[in-house]
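Notebook open, structure loaded. I'm going through a handful of spots and jotting down what I find.

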Amino acid sequence: MLELKGLKKTYKQGRTSINAVDGLDLRIDDGELVAIVGPSGSGKTTLLQLISGLDRPSSGTIHLDDIELTSLSERRLTKVRGESIGFVFQQFNLIPTMTASENVQAAMAPFGLKAAERKERAQSLLAEVGLEDRAGHLPTQMSGGEQQRVAIARALSNDPKLVFADEPTGNLDSETGAEIIELLSNLSKERGQTVIIVTHDTAVAEATPRIVRMKDGKLSL
Amino acid sequence: MFFLTYLRRELSRRLGRTIFTVLGFAVGVGLVVAIAALTSGLEDAQGEILNPLGSIGTDLSVTRPVVATTQDAQAGQGGQGGPGGFGLGAGPSDGIFIGERPGGGGAGGLSGEDQAALIAENQSVITDLSKLGESGDQFVHDYFLPADQLTFPEDDLAQVEQVEGVAYVAKGLTLLAVHQEGTVPEIVAEIETGGEEMEIVRDFSPPTEAERSQMRECFQRGQQHGSSGDFSVGGCVPQRLLSFRETITTPRRTIREALNPPETDIQSDPYVIAGVDTTNSEIGLVTESQVAEGKYFGRDEDETKDAILAASYASRKGLDIGSTIDLNGTIFEVVGLAQPPVGGQAADVYLPLTDLQELSNREGRANILLVRADDSSVVEEVSANIESTVTGASVTSAADLAGRISGSLVDASKLSDRLGAVLQVIGLAFVFIMGSLLTLSSIAKRVRELGTLKAIGWGQGLVVRQVVLESLVLALIGGIIGVAIGAGVAYGVAAYTPPLEVTAASVGSPAGSFFGLGDVGTEEVSATVDIVAPLDFNIMIMAIGLALLGGLIAGAIGALRAARLRPADALRNLG
């Protein structure tokens with residue numbers, strides 16, 4: 001369960017303060033597939049960074065099950081992030097010098113798995129996203145959709161409770177984008193993982209069971 | 001280890017950056033290595049050349065040269081005595097270090113005693129041709145002169161041995177030798193004298209009034225006696241007024257007179273000969289370590305007398321190991337060829353001291369003492385002690401000799417001293433700056449990558465370790481390549497640099513123009529030194545260590561940047 005209470009993030013631009021996220025309350029249950037939608041500048045990406053522990057809120061609390069993320073040290077937060085949260089980025093953010101398999105293994109590296117176990121799990125995850133025959137390819141040797149599948153496999157590598165996807169279809173054509181959303185949807189159903197997709201694409205949002213709309217840093221109807 | 005896989009991927013798949021960074025490290029390290037190797041080569045050459053005394057196991061050499069000082073000259077001209085500058089007694093046979101200094105006097109600032117000693121020591125330079133055989137005979141003869149480095153009883157070394165800080169004293173005799181050969185000339189001419197007739201007339205002054213009066217009285221007495229018959233006019237004239245006229249014939253005789261100078265075809269060939277104290281083969285005018293070929297004195301069983309030649313002299317004269325040389329009828333076998341140091345007591349021919357003393361009629365005499373101090377740190381102190389204790393001693397140290405050496409080696413060494421360190425600092429700065437800039441550039445290009453790693457659970461320590469590790473490996477590879485580059489450059493520079501020259505006065509050797517013999521002896525010794533650039537293990541380790549230090553610094557700077565990277569900022573800026 002993810003629960004946000006009074007979450008606020010304020011940026012200062014000169015003497016002006018901008019509330020990117022403005023006192024937001026939200027609860028997302030385990031296994032939910034949620035789309036956070038809103039126009040550009042509505043604060044949805046900021047919200048994702050706050051609840052994924054990539055950024056610290058100005059105020060408010062974030063509970064991931066019984067862990068209050070805002071009170072954790074940077075070291076502990078990094079560990080929680082690695083173990084419990086998976087990320088899928090718009091730009092895929094794969095390590096360009098690593099193969100698909102190595103990119104998936106990169107997320108497991110800090111947690112002391114043996115090399116053979118790492119490779120086996122990476123291969124299994126790549127098979128899960130339909131890339132079992134692309135394990136040895138570099139990102140530059142794969143299409144955008146394939147790269148995003150590798151990113152999804154990497155996000156799942158530590159079997160996280162939460163998977164955040166920030167505009168996962170932003171750099172893909174609509175057909176491939178639909179395939180990615182379907183993949184995320186299936187993972188949520190099959191694995192029981194909570195998947196939160198941040199998007200400005202209403203078509204993507206409509207493919208999810210729950211849509212959270214944002215405007216000016218607040219939830220809107 | 002996944003981190004090593006990542007490292008390998010980074011280095012191999014960003015090959016351009018890897019090569020560029022590695023070359024950056026390699027160029028800097030290569031510069032440092034090349035300069036270090038060349039500097040080391042120059043230092044080795046300097047060590048060999050600029051420490052001529054060290055190579056003969058000696059810290060100080062003590063001589064008693066005849067040198068007029070300004071003070072001496074002033075004292076001499078003033079005729080008031082005072083310090084003469086030389087501790088000479090009544091003459092060379094009295095020893096040099098004993099007794100009060102005589103007052104100055106004589107031309108050129110030399111005391112009368114010094115002048116006498118100088119002439120006495122070198123009198124054999126005036127060739128007594130009449131002793132070489134009948135005129136027309138061929139002769140070969142060697143003369144030995146101490147020139148301006150006077151001899152003294154070798155027992156005087158006891159005085160120096162007693163000086164505080166002196167550990168060992170060896171004696172030596174260095175003489176200017178002149179090898180002469182040619183035909184005994186017509187050296188005597190017979191001249192007939194005598195038989196001449198000489199007429200001698202003596203003139204006298206007019207008689208005085210008293211003499212006139214006396215003569216008048218005498219004449220009057222004669223007239224009064226009339227015919228007594230025994231009167232003579234001449235009897236009235238004073239003896240001095242009687243006219244003297246006589247013819248003398250000189251006796252005939254034959255005078256034999258030496259022609260000066262005699263006409264002759266005599267060829268003179270000067271060289272320097274040294275008598276070596278062979279008591280200790282590690283300290284002496286030539287030491288065992290200087291024998292480049294053959295053996296040192298006393299290392300063979302045969303009965304022949306041994307000589308060691310300077311390699312350059314042997315080459316010039318076409319002599320080699322086993323050759324013999326005839327010194328006034330004594331045959332010496334060449335047993336060794338030596339490489340005497342530039343600036344030291346370089347001689348052309350080395351004999352055991354007793355042999356040279358005998359040959360030169362200077363039994364029991366020496367003209368140089370080689371002193372080894374208790375410790376290298378007290379050399380200056382010992383030098384001062386000897387000069388203050390032993391009157392008239394001239395003490396020369398390695399530092400004095402180094403100052404007398406000039407030439408391109410010295411110029412190169414000065415250049416190395418001045419520029420070497422600067423260039424090495426530039427090389428090191430190049431390593432550090434290049435490494436740091438390239439690492440920072442790399443980090444800047446990898447912000448998204450490193451931000452992503454942080455986002456997916458890589459802690460700060462892991463990211464820092466990865467960045468530093470990459471930098472260290474690049475530095476290590478660069479360091480190894482840099483060592484190879486530096487070695488190649490150093491070898492190339494050494495191989496294509498013309499030999500460096502050194503020139504030095506041969507200290508203490510009897511040299512210079514003397515008694516009209518012209519320039520004789522080894523007044524200046526020149527040598528060439530091939531510079532080698534030794535690349536020893538320490539230099540290689542140092543160079544790689546410096547590269548790693550550069551890599552560590554560069555990695556640390558890059559890691560600091562990476563550590564400060566907040567994943568949200570990294571992804572926001574680029575997302």
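I began at B:Gly461, which sits in helix α14 (residues 460-496) of chain B. Worth keeping in mind from here on: this is a predicted model. Is B:Gly461 buried or exposed? It counts as exposed, because its relative accessibility is 52% and the cut-off for exposed is over 50%. I also looked up its distance to B:Ala559: the C-alpha atoms are 9.3 Å apart in space, while the two residues are 98 apart in sequence.

Next, B:Thr21. I found this residue in helix α2 of chain B, which runs over residues 15-49. B:Thr21 has a relative accessible area of 1%, so I put it down as buried. Which residues does it touch, leaving out those up to four places away in sequence? I noted B:Leu438 and B:Leu474. There is a polar partner too: a polar atom of the B:Thr21 side chain lies 2.7 Å from the backbone oxygen of B:Arg17.

Then helix α10 of chain B, residues 379-389. I listed its buried residues as B:Val379, B:Val382, B:Ser383 and B:Ile386. Why do they end up on the same side of α10(B)? They span an arc of only 105° around the axis, and that puts them on one side. The spacing is the familiar one: an α-helix has 3.6 residues a turn, so residues three or four places apart point the same way. On the face turned away from the buried side of α10(B) I found the exposed residues B:Glu380 and B:Ser388. I also checked what covers the buried residues, and the cover includes β1 (60-63), α5 (157-161), β4 (166-183), β16 (368-373) and β17 (394-397) of chain B.

Over to chain A. I counted seven helices and ten strands there. Of its 221 residues, 55% are buried. I also looked at contacts with a separation of 6 or more: in chain A, 71% of them come from residues 24 or more positions apart.

Within chain A, I picked helix α1, residues 44-51. It is largely enclosed by the rest of the structure, because seven of its eight residues are buried. My list of the buried ones reads A:Lys44, A:Thr46, A:Leu47, A:Leu48, A:Gln49, A:Leu50 and A:Ile51. Just past the end of α1(A), I noted that A:Gly53 has a positive phi of about 80°.

Last entry, the interface. I get 27 residues from chain B and 28 residues from chain A in the contact. The two chains bury about 2,300 Å² between them, with 61% of that on carbon and sulfur atoms. How many salt bridges cross the interface of chain B and chain A? I found two. One pair I wrote down is B:Arg9 with A:Glu102, whose side chains meet in a salt bridge at 2.5 Å, N to O. For polar contacts across this interface, I have eight residue pairs, both residues at pLDDT 80 or more. On the chain B side, the elements giving two or more residues are α1 (2-13), α13 (447-455) and α16 (567-574). Of these, α1(B) gives the most, with seven residues. I split the chain B side by residue type and got 13 nonpolar, five polar and nine charged.

Definitions and conventions. Residues numbered from 1 in each chain as written. Chains lettered and ligands numbered in written order. Predicted model: local features only at pLDDT ≥ 70, side-chain atom pairs only at ≥ 80, totals over all residues. Heavy atoms only, no water. Contact = heavy atoms within 4.5 Å. Buried area = accessible area lost by both parts, 1.4 Å probe. Salt bridge = Lys/Arg side-chain N within 4 Å of Asp/Glu carboxyl O. Polar contact = N/O pair within 3.5 Å; in protein donor to acceptor, adjacent residues only side chain to side chain. Helix = DSSP H or I, 4+ residues; strand = E, 2+ residues; numbered from the N terminus. Nonpolar A, V, L, I, M, F, W, Y, C, P; charged D, E, K, R; others polar. Buried < 20%, exposed > 50% of the residue type's maximum accessible area, 1.4 Å probe, protein only. Arc of directions from axis to C-beta.
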